[in-house]
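Biologist: Could you take a close look at one part of this model for me, namely the charged side chains and how they pair? I would enjoy a connected walk through them, with whatever surroundings help.

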Amino acid sequence: MLDVLDGLVEKSVLTHRQHDGRSRYHMLETVREYGQERLAASGCESVLRRRHRDHMLALTGRAQREWFGPRQVEWFTRPRLDHTNPGAAPGVPRADAR
């Protein structure tokens, strides 16, 4: 899997950052838009968006349960690193929304 990710970074399809010893990969906006167009054309968009929403809601619930604990800093930082993911899920507020 890492070889595939490295290949995509080398081809400038993904960007790579390190944060607190963890690798973060991000899609270029043009690639994301193309993928969204393909997803809409596939007819599977609503199913996959619901699955994404459910995943993000579960993650939010876990963060709430673990907020006051030894991983508090991680749970505080994570939404800011993943801000585009929650924003992509319908019904889930973005971390930077006020």
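**Salt bridges, one by one**

Modeller: Happy to. Let me start with Glu 45, which is partly exposed, at a relative accessibility of 25%. Please keep in mind that this is a predicted model.

The partner of Glu 45 is Arg 49: the two form a salt bridge in which the closest N and O atoms are 3.1 Å apart. Both residues belong to helix H3, which covers residues 45-66, and they sit 4 residues apart, about one turn of the helix. Arg 49 is partly exposed as well, with a relative accessible area of 26%. Because a residue counts as buried under 20% and as exposed over 50%, the values of 25% for Glu 45 and 26% for Arg 49 fall in between. As for the principle behind such contacts, side chains of opposite charge can pair when their charged atoms come close.

Helix H2, residues 29-42, offers another pair: Arg 32 and Glu 29 both lie there, 3 residues apart, again about one turn of the helix. Their side chains meet in a salt bridge, with 3.7 Å from N to O. The cut-off for a salt bridge is 4 Å, so the 3.7 Å of this pair qualifies. Glu 29 is partly exposed at 47% relative accessibility, and Arg 32 is also partly exposed, with a relative accessible area of 24%.

Next comes Glu 66, whose side chain meets that of Arg 71 in a salt bridge of 3.3 Å, N to O. Glu 66 has a relative accessible area of 27% and is partly exposed; Arg 71, at 31% relative accessibility, is partly exposed too. This pair does not stand alone: salt bridges that share partners join Arg 22, Arg 62, Glu 66, Arg 71 and Glu 74 into one network. Over the model, the count comes to 7 salt bridges.

One member of that network, Arg 22, leads us to the strands, since strand S2 spans residues 22-27. S2 runs antiparallel to strand S1, residues 14-19, and 6 bridges join the two. Within this pairing, Gln 18 stands opposite Ser 23 in S2. The hairpin of S1 and S2 has 2 residues between the strands, and there Asp 20 takes a positive phi near 50°.

Notes:
Residues numbered from 1 in each chain as written. Predicted model: local features only at pLDDT ≥ 70, side-chain atom pairs only at ≥ 80, totals over all residues. Heavy atoms only, no water. Pairing = 2+ DSSP bridges. Buried < 20%, exposed > 50% of the residue type's maximum accessible area, 1.4 Å probe, protein only.
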